[in-house]
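Colleague: Thanks for making time for this. Could you walk me through how this fold is put together?

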Amino acid sequence: MTVDALTDVAGVRVGHATRTGDGWLTGTTVVLAPQGGAVAAVDVRGGGPGTKETDALDPRNLVQKVEAIVLTGGSAYGLDATSGVMAWLEEQGRGVRVGADPAHVVPVVPAACVFDLGRGGDFRARPDAATGRAAVEEAAASAVGARVREGCVGAGTGAAVGSLKGGVGTASAVLDSGVTVGALVVANAVGDVLDPETGVLYGELFQGRVQYPPAHVHEAARRRLAETAAKNAAPPLNTTLAVVATDAELSKAQAQKLAGTAHDGIARAVRPVHLLHDGDTVFALATGARRLDPERPLALNEILAAGADVVTRAIVRAVRAAESVDGVGGVWPSYGELYGGGAGG
């Protein structure tokens, strides 16, 4: 049984740590690989990324597998959350062996951050090592194949897309070959996710699942969005992050190709995308449970196409699952409040 989430890739777990209230509106999300790690890669397209340990994922470099990926709020400050994840992994003996003693490991934990500083009211309220540890502990305690909480949780707590509230979303697909591809996205974009002429989400236009809202509803939504955009006067500093995972056996180079083509899924759902204000980053994980057919050298194409598709659906789900925020740090109405309807995608 699948749950239409990243966790449909067997062994992959997700945990969130969320901080709200008293000036806080931020958090951290950890994607925990199966014991022994997963082949990993990354592709960065935004002009203002905030990342850590991404150089280790270059196919030319030594490290082949990682144990976890960290997505966090707090801009570059929030990358401190990674140290809490590293400490937990070290305690479990999970990481790159650097000596004869099994306890001597160095966990390589790639990470990327989104800009949400001050959205809860306190510019200094951002994730730290304790936040990262709480997220990885939640991931480790979750069941295999567990449902993933979406919306304003973890790294999506303070997320915004244009003038709308953003958040975390996830989706998955099982291919005819039996290979599973899943994605988890933190939707926090400078660009818009809805067509200004109709109010339909761009990602749903791509999927062909279009229900046009009544004209009076759309007009009311446009007025509300214009009012909140003027009120917030926030700097256009945003980032969309994604982790795309598969149970296929991929090399680091193939995983990097998957991360690259998955960016197409962002471009279908967010317009414009990959700007200098953005730090758009996609990580890819391959657990290697299913070997690709060596007689079909183009079998990777199906995985590449599915990766982009599930990223688009995950962004739609993130926006539909988000809840409105109206506080001292700003006002971001949710798509659901403006147009109605529950989580979709």
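Modeller: Happy to; we will go through the sheets, the helices and one loop residue of this predicted model.

Colleague: Let's start with the sheet of five strands: which strands stand at its edges?

Modeller: This open sheet has mixed pairing and the order 1-2-6-9-4. Each edge strand has a single partner strand, so one side of it is left without a neighbour in the sheet. The edges are strand 1 and strand 4.

Colleague: How many bridges join strand 1 to strand 2?

Modeller: Strand 1 covers residues 13–21 and strand 2 covers residues 24–32, and the two run antiparallel. In that pairing, Arg-13 stands opposite Leu-32 in strand 2. The number of bridges joining the two strands is nine.

Colleague: And in the hairpin of those strands, which residue takes a positive phi?

Modeller: The hairpin of strand 1 and strand 2 has two residues between the strands. One of its residues has a positive phi near 55°, and that residue is Asp-22.

Colleague: Moving on to helix 1, which strands does helix 1 lie across?

Modeller: Helix 1 spans residues 81–91. Its direction makes about 155° with strand 6, residues 68–72. The strands it lies across are strand 2, strand 4, strand 6 and strand 9.

Colleague: What angle does helix 2 make with strand 1?

Modeller: Helix 2 is made of residues 129–141. Helix 2 lies across strand 1 and strand 2. Its angle to strand 1 is about 140°.

Colleague: Are helix 1 and helix 2 parallel or oblique to each other?

Modeller: Their axes come within 6 Å and cross at roughly 50°. The crossing is right-handed. An angle of 35 to 65 degrees falls between roughly parallel and roughly perpendicular, and helix 1 and helix 2 are therefore oblique.

Colleague: How many nonpolar residues does the contact of helix 1 with helix 2 have?

Modeller: On the helix 1 side the residues include Val-85, Ala-87 and Trp-88, and on the helix 2 side they include Arg-133, Val-136 and Ala-140. By class, the contact has three polar and three charged residues, and its nonpolar residues number seven.

Colleague: Now the sheet of six strands: which are its edge strands?

Modeller: This open sheet has the order 5-3-15-14-13-12, again with mixed pairing. An edge strand here pairs on one side only, and the two that do so are strand 5 and strand 12.

Colleague: Which residue stands opposite Val-186 in strand 14?

Modeller: Strand 13 (residues 180–187) and strand 14 (residues 241–248) pair over six bridges in the antiparallel sense. Opposite Val-186 in strand 14 stands Leu-241.

Colleague: Which strands does helix 5 touch?

Modeller: Helix 5, residues 252–269, packs on the sheet, and its direction makes about 45° with that of strand 3. The strands it touches are strand 3, strand 14 and strand 15.

Colleague: Last one: is Pro-59 buried or partly exposed?

Modeller: Pro-59 lies in the loop between strand 4 and strand 5. Beyond its neighbours within four places in sequence, Pro-59 is in contact with Lys-252, Ala-253 and Gln-256. Buried would need under 20% relative accessible area. Because its relative accessibility is 28%, Pro-59 counts as partly exposed.

Conventions: Residues are numbered from 1 along each chain as its sequence is written. This is a predicted model: local features need pLDDT of at least 70, side-chain atom pairs count only at pLDDT 80 or more; totals for chains, interfaces and linings use all residues. Side-chain values use heavy atoms; hydrogens and water are left out. Axes are lines fitted to C-alpha atoms, for helices over the stretch in contact, and angles run from 0 to 180 degrees between N-to-C directions. Helices (H or I, at least four residues) and strands (E, at least two) are DSSP runs, numbered from the N terminus. Angles under 35 degrees count as roughly parallel, over 145 as roughly antiparallel, 65 to 115 as roughly perpendicular and the rest as oblique. A crossing is left-handed if the near helix is turned anticlockwise from the far one by less than a right angle, and right-handed if clockwise. Contact means heavy atoms within 4.5 Å. Ala, Val, Leu, Ile, Met, Phe, Trp, Tyr, Cys and Pro count as nonpolar, Asp, Glu, Lys and Arg as charged, and the others, Gly among them, as polar. Buried means under 20% relative accessible area, exposed over 50%, partly exposed in between (1.4 Å probe, protein chains only). Two strands pair if DSSP finds at least two bridges between them.
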